Amino acid sequence: ERAGTFGCRPFFTSDDGGGSVRAWDLPALEAFGRVRTTKMKGPSALKAFPTGVFGSGLPRGRLILRLHVFMVSAQLRIAFRHLFAHWFLLGLAARCLQFTLIFLAVSQDVSAGWMGAVMAASSVICGILTIFAGRLYNRLGPAPLNRCSALCCGAAALLAATQHHVLPALAVAWTLTAMTLMLSSTAGYRGIGSLFGAADRVSRFSRMSLLSNITEIVMPVAISAVFAKSPDLTPIIVLAVCLIDMFMPAGISRAAFKASGRVESLALAVNLKRLLASGPLLAGVMAGAGINALLCIFDVLIPTAGGAMDLKTTEIGMLLSASAFAQVAASMLLTIRPNHRTLMKQLRNALLLGGVALSGAVLADGFVTFLVVVAVSSFGFGLIRPLSMSAIFQFSPPDSVGDIVGLRFMLNNFSRILMSLFMTACVGGFMSSTAFLSAVGGIVLAVTL
């Protein structure tokens, strides 16, 4: 398996009847001595040992092999935890601040049109800058991107704390939080994706999706409660989190990233041609961006469809909770049982499951039937995000993965805008919410089949 842009190289492989073992030559291990790169099968693999301060004539045995595998595994786990911590803290801080900005705008009677225009403009800006963020990662690694992300979030928190009564300041603060999410996602997914092979990558991305879904369930209630008591408290907490993040270990330092060998960036047109020429890559990118946009408008379509069925407010809340928990269950399933060998089959089956369930929305005539539609479709579509990102890393060449991940994030932003406009034109014109959901489900099925 390809170790990715982290620059890890296999230095011995054992397959002597007890299973296959592969260890990676991390820059951290090079402090102990240079490693001779070998790739052998059978018991002869045990002859390959590092040279340097360990010496060149170590006795043979499984103990040495297991010791090195353990050391490398420990380094990978530590790097993953640090990258994961940066991604989670910065994403959590940015989302908390975004909810606070929404509450501040509502308290000042800002129109929904104005807020929508700011969100659309920030999505366009971040969509364009995503490509440059990926190329910056190729040159410097994840550490500078996380630092820039923390600075953007800290500046947004300062604006929210001191200039929240000025509408342009709120618009700038929202754009900075969107940039925070873009930069931290680029650093997190690129960094974590480069640490692991295909077998572990699905599980790691599923953990990220799982935690993201859980925080999206808890966060609105928690932030609204904090805002009701003290509107200025959240920006202060976010600022403190950003300052703490800037002094946390990088996971993959700039020195380690430079020592591992910098990834060359090809022309964007070349990587775009590679994307269009690869069926698995194109399917992963388009499915991920499209389903991400669809799940974003679920928060609008589910309440409006429930209102048309004369459902109670508590029942509508249960529908939204069922959608969120179904996505959590999907991420948990991939975390427990990852399978990198059938990624495209899993992606297709998830789209079919979600599309078939959503197509039945127009037939729902009450709470129970609509609950089944929402839960099953959310479960199917909840599988898409980790599978999509795993497919991108598995099928992308090392010198193209940065731009292709950037294109995926860029399409996330643009597809949300287009899906919102499409929903407004259809639901506000000639279709009911359930009919629109069924139409979208039919489109998903048609494209998948």
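Here is a walk through this structure, from the overall layout down to a few single residues.

First, the ground rules. This is a predicted model, in which local features need pLDDT of at least 70 and side-chain atom pairs count only at pLDDT 80 or more, while totals for chains, interfaces and linings use all residues. Residues are numbered from 1 along each chain as its sequence is written, and side-chain values use heavy atoms, with hydrogens and water left out.

Now the big picture. The protein has 15 helices and two strands; these are DSSP runs numbered from the N terminus, with helices being H or I of at least four residues and strands E of at least two. Of its 449 residues, 50% count as buried, where buried means under 20% relative accessible area, exposed means over 50%, and partly exposed lies in between, using a 1.4 Å probe and protein chains only. If you take contacts (heavy atoms within 4.5 Å) between residues at least 6 apart in sequence, 79% join residues at least 24 apart.

Next, the cores. A nonpolar core here is a set of buried Ala, Val, Leu, Ile, Met, Phe, Trp, Tyr and Cys residues joined through side-chain atoms within 4.5 Å. The largest one has 58 residues, and I192, L195, V238 and M389 touch the most other members. Helix α4 (residues 167–195) gives the most to this core, with 13 residues. Leaving out residues up to four places away in sequence, I192 touches F80, L83, F84, R204, F205 and M208. There is also a second, separate core of 40 residues, and F370, V374, A391 and C426 are among its members.

V238 turns up again when you look at L97, in helix α1 (residues 62–107). L97 counts as buried because its relative accessibility is 0%. Beyond residues up to four places away in sequence, L97 touches C153, A156, A157, A160, T177, P235 and V238. The C-alpha atoms of L97 and I236 are 10.0 Å apart, with their positions 139 residues apart along the chain.

Two polar residues are worth a stop. T130 sits in helix α2 (residues 112–140) and is buried, with a relative accessible area of 1%. Setting aside neighbours within four places in sequence, T130 contacts M182, G406, F409, M410 and N413. R201, in helix α5 (residues 198–229), is buried too, at 3% relative accessible area. The R201 side chain reaches the backbone oxygen of G193 at 3.1 Å.

Then there is the last stretch of helix to look at, α15 (residues 433–448). At 1.5 Å a residue, its 16 residues should span 22 Å, and the end C-alpha atoms are 23 Å apart, so the two agree; the expected span is 1.5 Å times one less than the number of residues. Buried residues in α15 include F436, L437, V440, G441 and V444. The buried residues of α15 pack against α9 (279–308), α11 (343–359), α12 (367–382) and α14 (401–427).

One of those partners, α11, holds L353. At 34% relative accessibility, L353 counts as partly exposed. Not counting residues up to four places away in sequence, L353 touches V376, F379 and G380. The C-alpha atoms of L353 and F381, 28 residues apart along the chain, are separated by 8.0 Å.

Notes
A polar contact is a pair of N or O atoms within 3.5 Å; within protein, one must be able to donate a hydrogen and the other to accept it, and residues adjacent in sequence count only if both atoms are side-chain atoms.
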